[in-house]
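Colleague: Could you walk me through how to read the sheets and the burial in a model like this one?
Modeller: Gladly; let us put it on screen.

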Amino acid sequence: MPNSINRPRGTIDVLPGEVEKWRYVEESFRRICREYGYAEIRTPVFEYTELFDRGVGDTTDIVEKEMYTFLDRSERSLSLRPEGTAPIARAYVEDKLFSGPLPVKVYYLGPMFRYDRPQAGRYRQFHQLGVEVFGSCAPAIDAEVAAMAMDFCRRFGLKLDLHINSVGCSACRPVMRERLYAGLKTRLEDLCNDCYMRWTKNPLRILDCKIKRCREMAEEAVAGFNFLCPECADHFRETLGYLDALNVAYIVDPCLVRGLDYYTRTAFEIMAPGAGAQRSVGGGGRYDGLVEMFGGPPTPGIGYAMGLERFLLVMQEQGLTVPDSGRLDVYLVTAEKDLEGKALGLLQELRANGIRADKDYTGRSMKAQLKQAGKSGAPYVVILGGDELGKGRVALKDMLSGRQTEVPLADLTARLLSQGHDSKHEPSLLAR
RNA sequence: GUGGAUGUAGCUCAGAUGGUUAGAGCACCAGAUUGUGGCUCUGGGGGUCGUGGGUUCAAAUCCCAUCUUCCACCCCA
C-alpha cells in the first residue's frame, strides 16, 4: 500500500471480531471488582513527568528509557502514563480520598504507554486492568488482592501460577541491598555486563540473573539470606497463611524482585506456565511509602495490574473462547425492490422491541440476500414478499432447520421475542 | 537500548541460479430458468511483489537505506 498512513509502531487496531473479546474481559473485570468492593477510578492518560520520576523511580527502566515524554505548549514536561499506580496515588492525595472511610478500594482499566521494542504481547500502547487498596497494611488484604487476581483468571479457566515474595520494607531492604553492593564490590569484573549495571541500580536483581555465576556470587555475598526484619517476616508469613486458607496455590520465589522502586514487602507476579516469551500476565505488590512520598498522610497501599493483551494471548494459547454476543437476531430479506420502504419500517419496529435486526443495503438479489443472512449468523430470516404481504403476512424462516412459516405481520414481534430472542442466544454478559 | 530474522492479492503461502501480460488455496462478488442461504459447478474483481534509492539491456528475485512485524536480551503488562 504505497502512500498509505500506518498506525505507529507498537500499536494495534482492535477490529470487530476481536473487540468482543476485549469487552468480555473488561466487563468481567468490572464485575469481579464490584463483587470485591472496588469502585472505579479514572485518571488522565498523561501526567506531569515528575510524577513518574518520583513515584516509579528515576533509575527504573520505565522512567529511564521507556517513557513517552513531551513538552506541551507552555513548555511543561508531560508524560503518557506508563503505569497506573502512581497516578492513582497522586489522585488519592490530591482529591483527599483519605478523608473518607479506609481502606479505599479502587479499580481502573485503560491504556498505558511504554516506549519499548515491540514484540508479541508487548506493545507501546497496551492496556491494564488493575486495583489499588489504600489504608490497610493487614496481611489479609495482601492475600485477598493476590487471591482476587487469581480468582479472576480462574473464572476464565486460565491456568496460571502465582509467584510471590517479600522484598522487605524501608528498614530491612536497604540492608540487603548494601550487603550485595558491598559484597560484590571487589569482584565487579566477574559480573556480566548486565549485572554490572544492576550492581549500581538494583543489586537485588543480580540474584535473578540468567548467568549462573552472577547468581552464585550474589548468593555468596548475602550468605545469611534471611534479611527480612521480624515485622516483615511476620507479615509475609501471615500473608502466605491466608493464601493457604483461601486455597490459593502459590510459588514462593526468592528471586522475584519487581522493578519499580515503590514496592515494599509483598510482591507477586502471575505467570503463564511454560516457556513463552511474555510469560508475565500481571503483577503487583505493596507500596507502603508511595502516598507519603506524594505529600499525603502515611498510608499503606497495595495493588496489582494485569495486561489485557497478555491475558488475551494466554487465553488463546490455552484454547479459551468467549461467548459470542455480536450476532443478529433477525435478517430481513425483501423479495421485491419496491418493498424497501416497508422493510425499513419493519426493521425499526423490530429494533424498537430490542430485537437485533438488519438487512441488505446494496441492492442484492433475493438469493444473495439470503446468503448474507446466512453469513450474518442470524438464527431467523424474515422475508417480505408481495404474495404474503397481500394477506397481511410475512415469511419467517428458521435458518438452522431451514423450515419456513407464514406469520401475520401483527404477530411477528411477539413471535420473535418468544422463540428466537431468548433461547438462541447466550445471555449477554455485557448487558449486566 | 543490544543482537538476529521477516515483509508477494483481504488471509495462508508458491514464485531454483535476475528474463515475456506475478500464481494457488481460502475469502469476496456474480451466475447455474419463474421469489429462498449453508453443498457443488462456472465465471469475475483484486497485487506498482513493505517503501525509497541503486546495479543491470532486464529485478518480486542482487546491493544500500528505511519502515513493519517477529525472535532473543534488557525489562516488564
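What follows is a short talk about one sheet, its helices and one buried strand.

Modeller: This is a predicted model, where local features need pLDDT of at least 70, side-chain atom pairs count only at pLDDT 80 or more, and totals for chains, interfaces and linings use all residues. Residues are numbered from 1 along each chain as its sequence is written, chains are lettered from A and ligands numbered from 1 in the order written, and side-chain values use heavy atoms, without hydrogens and water.

Colleague: In what order do the eight strands form the open sheet?
Modeller: Strands of a sheet pair through backbone hydrogen bonds, either parallel or antiparallel. Here the order is E1-E5-E6-E11-E10-E9-E7-E8, with mixed pairing; strands (E, at least two residues) and helices (H or I, at least four) are DSSP runs numbered from the N terminus, and two strands pair if DSSP finds at least two bridges between them. E1 (39-40) and E8 (251-252) stand at the edges with a single partner each, so one side of each lacks a neighbour in the sheet.

Colleague: How many bridges join E7 to E9?
Modeller: Six, and the two strands run antiparallel; aspartate 161, for one, has methionine 271 of E9 as its bridge partner.

Colleague: Is strand E14 enclosed or open?
Modeller: Five of the five residues of E14 (380-384) are buried (under 20% relative accessible area, 1.4 Å probe, protein chains only), so E14 is largely enclosed by the rest of the structure. E14 pairs with E12 (330-334) in the parallel sense over five bridges, and with E15 (393-398) antiparallel over four.

How values were computed: Buried means under 20% relative accessible area, exposed over 50%, partly exposed in between (1.4 Å probe, protein chains only).
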